[in-house]
Amino acid sequence: MTRQIEELCRGLGFAAVGFAPARPTDFADEVRSWLRAGHHGTMEFLERDLAVRLDPTRILEGVKWFIMVGDQYAPRGDTGDSVREREGRIARYARGRDYHQVMKKRLHRMADTMRERFPGAEFRSFVDTAPVLEREVAALAGLGWQAKNTMLIHPRLGSYLLLGGAATTLDLEPPAEQALVADACGTCTRCIDACPTQAIKPYSVDGSRCVSYLTIERQGPIDPKFHAAMGDWIYGCDICQEVCPHNSARPDKRGESVLPAYQSDRGGFDLLEVLGWDAAGRREAFTSSAMKRAPLALMKRNALIAAGNALRRCEDAELLARVREISEDQNEPQLVRRTAVDVLRSLAGR
């Protein structure tokens, strides 16, 4: 059964596949402590689903194993972008098609095939859609180790890896060659040193400070103390991955496979374009992207902060005029107007 699932997953284009026993997390105390410290910010769902998150055997009656898969969404060696002065960057995982749909469709196909072969077997597929500590389960499945920036790093593919999986009632046995991957971070602290908001400590991230959280999960105003550190990121952040030695280019390309669905020649958006969007413009830009979960006001908020940072680097009368217009436009949501005012205050005297 294990070999059949492995062959199915490889045939469906997954770059990595492994098997982990269904069992409670080994990090319950650490998760509770992290939540008590408020490191989850406004992500209240992490508290609501805590019992299941700490014991993923609850997500499917009779579950025995987890099948974990990985999609590589960027190649090793992709460690930086050349960004235009007026451009806002987006994280690599969000540049192509929505990975939730790309991965889940293939996981459903694998599960349907196995149900036909083994009547009575049950599956529950997930891609960020179930309260499972996916990186811990993926590590137990031999897909990599959890690094100091808490990302899962595959020994050959690096950390530009999207995770998904399926819980199953099948009684599986991992292939003989599957083994836990040893932590290879060593004494390296590049991710910790490079984080612009100082969100990373060894093997822990204060989510409430992370640029990815600020630009995606936080729906309200962003404290101006973080504005400069956010740089030109308007959706997500890749800095801790860009500096990671395990994502550097290597002569051996064995196993590397970025699906066409994730490839894109666009690394960002012109800030004036975003600041000029209406609901239809935003919808058209995000038609097949994971970014479609971001409301228009949130994207304009992020673009305004990036605009402020761009205006600190160089003069741009057109961009500055647009920020001023938004600060006075009563048709804009309060979140957007307030952010524009904060940006103008930070530029006062320049």
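**Exercise 1. How are H13 and H15 oriented to each other: roughly parallel or roughly perpendicular?**

A word before we start: this is a predicted model.

*Solution.*
Step 1. Locate the two helices: H13 covers residues 296-313 and H15 covers residues 334-347.
Step 2. Take their axes, which come within 9 Å and cross at roughly 10°.
Step 3. Angles under 35 degrees count as roughly parallel. H13 and H15 are therefore roughly parallel to each other.
Step 4. Look at who makes the contact. From H13, the residues include Ala 297, Leu 304, Ile 305 and Gly 308. From H15, they include Leu 335, Thr 339, Ala 340 and Val 343.

**Exercise 2. Work out the strand order of the open sheet that contains E3, and place Arg 89 in it.**

*Solution.*
Step 1. Start from strand E3, residues 87-90. With strand E11 (residues 268-270), E3 pairs in the antiparallel sense over three bridges.
Step 2. Turn to strand E10 (residues 233-235), which runs parallel to E3 and is joined to it by two bridges.
Step 3. Put these together: the three strands form an open sheet in the order E10-E3-E11, with mixed pairing. E10 and E11 are the edge strands, as each pairs on one side only. On average, neighbouring strands of this sheet are turned by 35° against each other, direction ignored.
Step 4. Now place the residues. Arg 89 stands opposite Trp 233 in E10 and opposite Gly 268 in E11. Glu 87 has Asp 270 of E11 as its bridge partner.
Step 5. Check the side-chain directions. In a regular strand the side chains alternate between the two faces of the sheet. Here, Glu 87 and Arg 89 point one way, Gly 88 and Ile 90 the other way, and all are buried.

**Exercise 3. Test the length of helix H5 against the expected span, then find where its buried residues lie.**

*Solution.*
Step 1. H5 runs over residues 99-117, which is 19 residues. At 1.5 Å a residue, the helix should span 27 Å.
Step 2. Compare with the model: the end C-alpha atoms of H5 are 27 Å apart, which agrees.
Step 3. List the buried residues of H5: Tyr 99, Val 102, Met 103, Arg 106, Leu 107, Met 110, Ala 111 and Met 114.
Step 4. Look down the axis. The buried residues of H5 fall within an arc of 155°, so they line one face of the helix.
Step 5. Examine the face turned away from that buried side, and you will find the exposed residues Lys 105 and Glu 116.
Step 6. Finally, name the packing partners: the buried residues of H5 pack against helix H1 and strands E2, E4 and E7.

Notes
Residues are numbered from 1 along each chain as its sequence is written. This is a predicted model: local features need pLDDT of at least 70, side-chain atom pairs count only at pLDDT 80 or more; totals for chains, interfaces and linings use all residues. Side-chain values use heavy atoms; hydrogens and water are left out. Buried means under 20% relative accessible area, exposed over 50%, partly exposed in between (1.4 Å probe, protein chains only). Helices (H or I, at least four residues) and strands (E, at least two) are DSSP runs, numbered from the N terminus. Two strands pair if DSSP finds at least two bridges between them. The expected span of a helix is 1.5 Å times one less than its number of residues. The arc is that of the directions from the helix axis to the C-beta atoms. Contact means heavy atoms within 4.5 Å. Axes are lines fitted to C-alpha atoms, for helices over the stretch in contact, and angles run from 0 to 180 degrees between N-to-C directions. Angles under 35 degrees count as roughly parallel, over 145 as roughly antiparallel, 65 to 115 as roughly perpendicular and the rest as oblique.
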